[in-house]
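Biologist: I am new to this structure. Please take one part and walk me through it closely.

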Amino acid sequence: MVRLVFGLLFASVSVAVLPTVSSAQLANDRPSLEELIDTLGEEGAVAFIELRYLQTLGNEARNLHWASLRTEMIPLASALRDDAERRQRILDRQPNQAARDRVARELDNDEYRPEYDPTSPEWTDRIRGDTDWEVRFGPIYSHIDVPSDLSIGTFAILGGDEFGSASGGSGMDRAGGSFGLTRRFVCEYLHGPEEGCDVESFTDFEWATGELSYSGTQTVGQDNVTFVGLTYNENVGASTGVGSGFAGDGIVSSGTFSGTWGKVESGLRFRFDPDGPPASEADAASTAFPWYPGAGEGFPDFGGAGRVRLSFAPSFEYLSTDGAGRATLTRAGVPLAFSQTHELSTDDKWYGGSFRLGYDIQVTPGLEVGVTGRADLTYHVGTGTFRQDTMVPGTTTTQGLSYRDEGVELGGGIEFAARYNFDSNTAIRFHGEVAVLPGATGFDARTSPNDMPGAFRKKDLTRATVGFDFLRSF
């Protein structure tokens, strides 16, 4: 009875063709367990010991050695049997031969990750309830067009062309952070012919702030400069401002521009999984990305490689800017009592909703990439104030404007993201976005008497944002 039990145990992990070992391969005819494993590998050693045990049953002296090795091999044989049975169970539940071949390669290369195999209980646990909440946070960097031209001071060159003495750039870099919280309150994946869908509620917040500065210096008689001056925002009677064309007279100008941007969204996200097996084994074999939910099972509209993502969210976005500048006339480098200052403040708010349609694929086990298109329908409210003070000996001329505009605006953008999951609870994510802020409030300061008076206007701004997040599920 003992021999029968042992025989069944070892036979369950035996190979189809029993190995043969020459005397040159083994140091002696009674090798140790370690020598056999080194020569044949674990499975080969188990089968070889069983063969030698059966062959020496009539020779008690020789059989004793192989019986001893056979007893010593029981734990390894049991482990090999369990591994083989687990491997077969994993392969048996795959939907087609292409998937079985792919999983076999993953197992052979020790790359199989059950939490990314939609046929495994580990995958079900990962998306159904073991990770009900997910929190993310990290830094972001944003570059947004500057909506206003805050030139201050004026100078002219040979030929009569006139320019602002100093003006800010066309874009401003901002740094900030992002935070998000996701709750999977329904998360079903119906494996097989039925369609699967999981649903999440999410709240995302991003903000960034930055500042730029600018300056300029010009002197009559240098670099073809023929005139320097302080120009009113609009004519005062017949006067356009004050200035000088004497050699050695100059102007020194400088300014700053700061801004803050932020956005918050809270809504629902739907992820749609494929709705059935591929039409043929060839379709399944063509799947390039094996371990995203639904891979190898077909996705007729998108090649069987990923999932569609759809989200709806009420949203609020804001952009505020503040600017200040100063210009002073000089003589031989010494400031005169002729100067000009200005101050600008704008505030834009977009109230509305965001609609997103995205597509996710899995490049390797754990690495997910996705691209998303977004459309925003919002009600925009923009306000602004501008004040300019021009000081000459004995008097100050103050000019100011205020502005308000509101109405429906349509914006949008495109987003991309790459996420690597270290395990079912920890991940990192790199993301980027290019979007339009429609109808933002801007101000064009007057840089020359030849310009129209300075005025507020609407401008569509481009916002580019990149960020890096740490994610944790619990």
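Biologist: Over which residues does pLDDT stay under 50, and how many contacts beyond four places in sequence does the model have for them? After that, please look closely at strand β6 and the sheet around it.

Modeller: This is a predicted model, so confidence comes up before anything else. The pLDDT stays under 50 over residues 1-19. For that stretch the model has 32 contacts beyond four places in sequence. Residues 274-304 also have a pLDDT below 50. There the model shows 90 contacts beyond near neighbours in sequence. Across the protein chain the mean pLDDT is 79. Of its residues, 74% reach 70 or more.

Next, the setting. The protein chain holds 7 helices and 14 strands. It has 474 residues, and buried ones make up 47% of them. About 22300 Å² of the chain is exposed. Carbon and sulfur atoms supply 56% of that area. Take the contacts with a separation of 6 or more: residues 24 or more positions apart account for 74% of them.

Now to the sheet you asked about. It is open and has 4 strands. Their order is β3-β2-β6-β7, and the pairing is antiparallel. The edges belong to β3 (162-166) and β7 (239-244). Each of these has a single partner strand, so one side of each is left without a neighbour in the sheet. Neighbouring strands are turned against each other by 40° on average, direction ignored. Such strands pair through backbone hydrogen bonds.

In the order, β2 and β6 stand next to each other. β2 covers residues 152-157 and β6 covers residues 225-236. The two pair in the antiparallel sense over 4 bridges. You can find one position in this pairing at T154, which stands opposite G229 in β6.

V228 is a good residue to stop at. It lies in strand β6. Its relative accessibility is 1%, so V228 counts as buried; the cut-off for buried is under 20%. What does V228 touch, leaving out residues up to four places away in sequence? The list includes T154 and F155. Q218 and V220 are on it too. So are G243 and S244. D249, G250, I251 and L329 are also touched by V228. Two of these contacts tie back to the sheet: T154 is the residue opposite G229, and G243 falls within the range of edge strand β7. F163 gives a further distance to check. V228 and F163 are 65 residues apart along the chain, and their C-alpha atoms are separated by 9.7 Å.

For contrast, look at β11, β12 and β13. β11 (residues 367-392) and β12 (residues 395-421) pair in the antiparallel sense over 26 bridges. V369 has A418 in β12 as its bridge partner. These two strands form a hairpin with 2 residues between them. In the turn, G394 has a positive phi of about 95°. β12 also pairs with β13 (residues 426-444), again in the antiparallel sense, over 10 bridges. Here A417 has H431 in β13 as its bridge partner. A hairpin of 4 residues joins β12 to β13.

One helix rounds out the tour. Helix α5 has 12 residues, 97-108. At 1.5 Å a residue it should span 16 Å, and its end C-alpha atoms are 16 Å apart, which agrees. Among its buried residues are A98, A99, R102 and V103. A104, E106 and L107 are buried in α5 as well. After α5 comes D110, with a positive phi near 60°.

Technical notes: Residues numbered from 1 in each chain as written. Predicted model: local features only at pLDDT ≥ 70, side-chain atom pairs only at ≥ 80, totals over all residues. Heavy atoms only, no water. Expected span 1.5 Å × (residues − 1). Buried < 20%, exposed > 50% of the residue type's maximum accessible area, 1.4 Å probe, protein only. pLDDT = per-residue confidence, 0-100. Contact = heavy atoms within 4.5 Å. Pairing = 2+ DSSP bridges. Axes fitted to C-alpha atoms, helices over the stretch in contact; angles between N-to-C directions. Areas by Shrake-Rupley, 256 points an atom, 1.4 Å probe, with all protein chains shown as cover.
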